[in-house]
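Subject: Structure handover

Hello,

Here is the structure I said I would pass on. My notes on it follow below.

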Amino acid sequence: MRARPRMRLGALLAATAALTAVLIPAAGASTREPVPRTAVLDGVRLQQTRLRLAHGDPRLARAARELTARADRWLGQGPWTVVDKPKPAPGGDVHDYLSQAPYWWPTTSPTPDNPWGCPYEQRDGQRNPEVDTGTDRQDVEKVFDSSYDLALAWYYTGKKQYAVKAGQILRTWFLDAATKMNPNLDHAQFIPCKYDGRAIGVIDFSQSYTSVVDAAALLATGAPGWTRSDRAGMGEWNEDFLDWLVHSDFGKQEGAADNNHGTFYDMQVAALAYATGDTALARRTVRAAGPARVDAQIAGDGTQPQELARTRSWHYSTFDLVAYTRLAAIGRHVGVDLWRYRGPQGQSLFKAVDYLLPAATGASAWPHPELEFHRFAASDVVRAAADAGDAAARRAVPELEAPPGGDLWELRPAAEQLDSIAG
């Protein structure tokens, strides 16, 4: 990690938040409450939604019930830690994160001399069930999802138990010396007998870690049990992780990817840069995504050719747009409007979302290969486009299919991958 002779930005931001937090009145009591400095979510909108909910807005009641039901389920689970896996990562450090490539399968039955069944072969879109045992992948996804749900539930209800549980989960995974994760992904998506880790594994975090960034920002508005030390510690972890993303070989390779991996990389870098106070890097990253990503990845008719080539073309078309819409949301904080960008062939995020609308509304079938079509997978990105001013998307909203876990858009208006698969 590069040296920092000055005060760490994470500690500085935590100190600033602490000074602001002393002014917080009771939950829902006043607009004097500090605006959450969330990276993807719009803090002002969250604050307004909180006030509407406190005043009994019936439109929000159902979403609030669904959110608190999710949070209640997390109260009896975790915390999780990176040191609990059966075997350490190839480097031998139990604090290093480890995951296995999801679409790679053994070609022979395991034997004492070949316990993995090597060599492994790739089967695109077909998830090998062994990747969910023996590594950190499932546990880290629980950390991401639980901390987000719990922090949002605390923010909207003021109930202490949600904040306390969220804090416990984040401290265990990221901060406590005995259980914390090292801020690198050197051993993500390894392939037995082939690679100890791969640059492609960065997506294990980039597709969801911004939920943790925003959860911590919500807790920093005055959550009980989330201390100044906790705020500073998360800021420092994020700074070190951002250093790894920007300067490591794996990070550089992932940043050079020309499909959804590159888009998610940009989104993660921009979010971490904004969260740690480097607004210049966040602004550069979002601004560069127009010519570097939109021009190369989206065609003039709104298709995403790299994603259409996959066996899960619907999933990956919506997946890439989750990254784009969240990147555009970060751009809002730093004065860059990615939604309004137009490429030389007329490429734009609006066109890419509009291409999905017939299938997203059920008006027509998706005309490309897809092993497991879920109409609701596009619902969040359509909502994001509608909020950004896309008239066609706005007209489509009433026809969207709600995801199985309920529609939480009004409470967390940022796209999520609703039919999540790994890879």
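Which ring does the charged end of arginine 50 sit over? The ring is that of tyrosine 155, and the charged end of arginine 50 is 4.4 Å from its centre. A similar arrangement involves arginine 37, whose charged end sits over the ring of tyrosine 274 at 4.1 Å from the centre. Please keep in mind that this is a predicted model, so what follows is computed from predicted coordinates.

Disulfide

The count of disulfides is 1. The disulfide joins cysteine 118 to cysteine 193, with the sulfur atoms 2.1 Å apart. The link is right-handed, with 75 degrees about the S-S bond. Its two ends come from distant parts of the chain, 75 residues apart. Cysteine 118 is in the loop between β2 (104–106) and β3 (120–122), while cysteine 193 is in the loop between β4 (187–190) and α6 (203–206). The two cysteines also fall into separate accessibility classes: cysteine 118 counts as buried at 13% relative accessibility, and cysteine 193 counts as exposed at 58%.

Salt bridges

There are 22 salt bridges by count. Here are some of them.

- Aspartate 136 and lysine 85 meet through their side chains at 2.9 Å, N to O. Aspartate 136 lies in the loop between β3 and α4 (137–157) and lysine 85 in the loop between α3 (58–75) and β1 (98–100), so this salt bridge ties together parts that are 51 residues apart in sequence. Aspartate 136 is buried, with a relative accessible area of 1%, and lysine 85 is buried as well, with 8%.
- Aspartate 266 and arginine 293 form a salt bridge in which the closest N and O atoms are 2.7 Å apart. Because aspartate 266 belongs to helix α10 (residues 260–275) and arginine 293 to helix α11 (residues 279–297), the pair ties together parts 27 residues apart in sequence. Aspartate 266 has a relative accessible area of 10% and is buried; arginine 293 counts as buried at 7%.
- Glutamate 416 and arginine 412 meet in a salt bridge at 3.1 Å, N to O. Both glutamate 416 and arginine 412 are buried.
- Arg59, Arg383, Asp407 and Glu410 are linked in a network of salt bridges.

Aromatic residues

The count of aromatic pairs is 21. One of them is tryptophan 314 with phenylalanine 373, a tilted pair at 4.8 Å centre to centre and 45 degrees between the planes. Tryptophan 314 sits in helix α13 (residues 313–333) and phenylalanine 373 in the loop between α14 (349–360) and α15 (379–387), so that the pair links parts of the chain 59 residues apart. Tryptophan 314 is buried, with a relative accessible area of 0%, whereas phenylalanine 373 counts as partly exposed at 37%.

Elsewhere, Tyr97, Phe144, Phe174, Phe205, Tyr209, Trp237, Phe241 and Trp244 form one aromatic cluster. Phenylalanine 174, a member of this cluster, is located in helix α5 (residues 160–175). Its relative accessible area is 1%, which counts as buried. Leaving aside residues up to four places away in sequence, phenylalanine 174 touches Val143, Lys180, Phe205, Tyr209, Val212, Met234 and Trp237. The C-alpha atom of phenylalanine 174 is separated by 20 Å from that of glutamine 189, which is 15 residues away along the chain.

Helix α13

What span should α13 have at 1.5 Å a residue? For its 21 residues the expected span is 30 Å, and the end C-alpha atoms are 31 Å apart, which agrees. Of those 21 residues, 19 are buried, so α13 is largely enclosed by the rest of the structure. Tryptophan 314 from the tilted pair above is in this helix. After α13 comes glycine 335, with a positive phi near 80 degrees.

Regards

How values were computed: Residues are numbered from 1 along each chain as its sequence is written. This is a predicted model: local features need pLDDT of at least 70, side-chain atom pairs count only at pLDDT 80 or more; totals for chains, interfaces and linings use all residues. Side-chain values use heavy atoms; hydrogens and water are left out. Rings of Phe, Tyr and Trp (its six-membered ring) pair if their centres lie within 6.5 Å; planes under 30 degrees apart count as stacked, over 60 as edge-to-face and the rest as tilted. Helices (H or I, at least four residues) and strands (E, at least two) are DSSP runs, numbered from the N terminus. Buried means under 20% relative accessible area, exposed over 50%, partly exposed in between (1.4 Å probe, protein chains only). A charge sits over a ring if NZ of Lys or CZ of Arg is within 6 Å of the ring centre and within 35 degrees of the ring normal. Contact means heavy atoms within 4.5 Å. The expected span of a helix is 1.5 Å times one less than its number of residues. A disulfide is a pair of cysteine sulfur atoms within 2.5 Å. A salt bridge is a side-chain nitrogen of Lys or Arg within 4 Å of a carboxyl oxygen of Asp or Glu.
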